[in-house]
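Thank you all for coming; I would like to take a few minutes to walk through one model, beginning with its aromatic rings and working outward from there. Please have the sequence and the structure open as I speak.

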Amino acid sequence: MSEKQINPLPLRLKQARKAMGISQKQLGILLGMEPGTASARMNHYEKGKHTPDYTTLKAMADELGVPVAYFFCESESTAELLCLLEKMTEKERELLVKKVKNE
């Protein structure tokens with residue numbers, strides 16, 4: 001029997017939000033949620049009770065300055081690498097791929 005898989009999204013969302021130094025309510029409001037429900041909605045996402053749809057997830061990623069794929073990284077190193085890759089130009093990424101492939 002395999003180990004239970006843990007959804008990395010709630011943890012990554014909380015990490016990215018805290019790195020930006022904003023509250024759940026502030027993030028929710030930035031995403032266009034009603035101020036009275038913003039904190040509760042964000043809390044449900046961070047607790048894994050609800051999963052945002054792609055449009056909401058993309059808006060969260062944009063506000064938090066991370067790629068959408070960041071929310072699904074299972075390891076810290078992969079999450080960090082993904083964020084670093086997103087900051088590179090396409091040409092820099094192409095050169096890095098060639099280097100990693102030893103081409």
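**Rings, core and helices**

The structure holds one aromatic pair, where rings of Phe, Tyr and Trp (its six-membered ring) are taken to pair if their centres lie within 6.5 Å. The partners are Y70 and F71, which sit edge-to-face, with 5.8 Å from centre to centre and 70° between the planes; for the geometry, planes under 30 degrees apart count as stacked, over 60 as edge-to-face and the rest as tilted.

Before I go further, I should say that this is a predicted model, in which local features need pLDDT of at least 70 and side-chain atom pairs count only at pLDDT 80 or more, while totals for chains, interfaces and linings use all residues. Residues are numbered from 1 along each chain as its sequence is written, and side-chain values use heavy atoms, with hydrogens and water left out.

Are the two paired residues, Y70 and F71, buried or exposed? Y70 has 8% relative accessibility and therefore counts as buried, and F71, at 0%, counts as buried too; the terms mean under 20% relative accessible area for buried, over 50% for exposed and in between for partly exposed, with a 1.4 Å probe and protein chains only. Y70 also has R12 over the face of its ring, at 5.8 Å from the ring centre, the criterion being that NZ of Lys or CZ of Arg is within 6 Å of the ring centre and within 35 degrees of the ring normal.

Y70 and F71 bring us to the largest nonpolar core, which has 21 residues and in which they are listed, along with L13, M42, M60, L64 and V66, as those with the most contacts. By a nonpolar core I mean a set of buried Ala, Val, Leu, Ile, Met, Phe, Trp, Tyr and Cys residues joined through side-chain atoms within 4.5 Å. Two or more residues of this core come from each of α1 (9-20), α3 (35-47), α4 (54-64) and α5 (76-87), and α4 gives the most, with four residues. Here helices (H or I, at least four residues) and strands (E, at least two) are DSSP runs, numbered from the N terminus.

Now to the packing of α1 against α3, whose axes are 6 Å apart at an angle of about 125°; the axes are lines fitted to C-alpha atoms, for helices over the stretch in contact, and angles run from 0 to 180 degrees between N-to-C directions. That angle makes α1 oblique to α3, because under 35 degrees counts as roughly parallel, over 145 as roughly antiparallel, 65 to 115 as roughly perpendicular and the rest as oblique. Where they meet, P10, L13, K14 and R17 in α1 face M42, Y45, E46 and K47 in α3 in contact, that is, with heavy atoms within 4.5 Å. Beyond its neighbours within four places in sequence, L13 contacts L27, M42, Y45, E46, M60, L64 and F71. R17, also in helix α1, is buried, with a relative accessible area of 7%, and its contacts, again leaving out residues up to four places away, include E46 and L64.

Finally, the whole chain: its secondary structure comes to six helices and zero strands, and 30% of its 103 residues count as buried.
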